[in-house]
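Please look through the structure shown here, following the annotated span, then the nonpolar cores, and finally a single histidine.

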Amino acid sequence: NLSLISRQTVRDDPLPYCPDASPFIGGPLRVQLPDVLTFEDVVHKNPYVTRGGRYKPPDCESTHKTAIIIPHRNREQHLKYLLYFLHPFLQRQQLNYGIYIIHQAGNSTFNRAKLLNVGFKEAMKDEDWDCMFFHDVDLIPEDDRNLYTCDRFPKHASIAMDKFGYKLPYKTYFGGVSALTPEQYMKMNGFPNNYWVGAVRTTTSPLGEMGSSDCSRLLHHRVPSRVALSGMLISRPSIRHGRYKMIKHGHDKGNEQNPKSYRQLLCMDMWYLERSLAVQSPESFSIVDCLVTVSSFLLETVRSFRLLTVVSFTSRFRFNLLAKTRRTWKQDGMNSLQYTLLSKELPLLYTNITVDIGKDK
Ligand code: UD2
Ligand code: MN
């Protein structure tokens, strides 16, 4: 009887807090994709993960509650590998965490940013997360000291990717993996819902090849992001820790958005230009900035023989420039988010949110 009582008290005792620095964190990781891997293998390797991809350290109370938000469609292989590496990685950091896959239903253009907004909203219904990690499905962290916790400012975690030679491709780059507290996220009104060509990647046109990253490198290096516009700085881990391996992906085989029509390519060019102009804050917007952006755009389109873009650009320019330079970030984001939740399932390794986010108008 006595032993039963004492066991009872032990069980009800609140756990001590986990230490400031987890004793399980190591250094650099060797990321090697196993040749054969099934979702069941991943389940077996993570016995403490509970339905919906949730975990708490068994013997101490975590001081961090982190949600991982992963936009997804048609990338099951990547997802399997990511979960295989990410679950143990997060457990070694003694986090209280949950992994959310935000699955875009249907075949219309993929919209990563809007999916992230949905993920934020849905995850916050479950739990009072204190940090949200927005995570590409194909990026695997390569150092244990890359902490999946939030900082004073929005954090860009994937600053050193193998794809870019482990360097930052340009100064305002915020893609791949980023982390914000709910307060920071709401302060910048989330991500834009209306950039429907946001996930267009390398595309082949009859006129040659141009990747979105070339495009953004060209236009974005002088342009402040939504983070800056809402008055925040970007925090980054050390370049030795923010290392990622990007799982090779080709041209999205089986993804209906490819191959791109010439029209879509034009749209992509226009999108990058418009976005570059739109995110210039009125305070810092100078005619020189504008000219630099526009002329480098024109130069590039001429160089890549996309003369049609120039034509469509000049006709739309007058109408769009003034309108777009206003602070669109205040109108388009969490405060204008609309979607239809189709299902929410709780398999063992993640919470699966399937959503109809509509399509480009
Ligand atoms: C880059 C950025 C990404 C985002 C994107 C915007 C890096 C490493 N990543 O991604 O953060 O800014 O450009 O254009 O610089 N996805 C699917 N199914 C699809 C398409 C995309 O699941 O059919 C998801 C998936 O999580 C993927 C992410 O969206 O990792 C980004 O798409 P991508 O990997 O095809 O494009 P990438 O690497 O150019
Ligand atoms: Mn990618």
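In this predicted model, the C-alpha atoms at the two ends of residues 18-151 lie 19 Å apart, and the span is 29% helix and 20% strand, where helices (H or I, at least four residues) and strands (E, at least two) are DSSP runs numbered from the N terminus. UniProt, in an unreviewed entry, places the feature "domain: Galactosyltransferase N-terminal" at these residues, 18-151; its positions follow the numbering used here, feature names are shortened, and annotations may be inferred rather than shown by experiment.

The largest nonpolar core, a set of buried Ala, Val, Leu, Ile, Met, Phe, Trp, Tyr and Cys residues joined through side-chain atoms within 4.5 Å, has 36 residues, and those with the most contacts inside it are Ile68, Leu86, Leu90, Ile99, Phe133 and Tyr148. Among the elements that give two or more residues to this core are β2 (65-72), α3 (76-92), β3 (96-104) and β4 (131-135), while its largest share, eight residues, comes from α3. Apart from this core lies another, of 26 residues, including Ala67, Phe110, Leu116 and Met188.

Helix α3 also holds His78, which is buried, with a relative accessible area of 8% (buried means under 20%, exposed over 50%, partly exposed in between, with a 1.4 Å probe and protein chains only). Leaving aside neighbours within four places in sequence, His78 is in contact (heavy atoms within 4.5 Å) with Val137, Asp138, Ile247, Lys248 and His249.

Residues are numbered from 1 along each chain as its sequence is written, and chains are lettered from A and ligands numbered from 1 in the order in which they are written. Because the model is predicted, local features need pLDDT of at least 70 and side-chain atom pairs count only at pLDDT 80 or more, whereas totals for chains, interfaces and linings use all residues; side-chain values use heavy atoms, with hydrogens and water left out.
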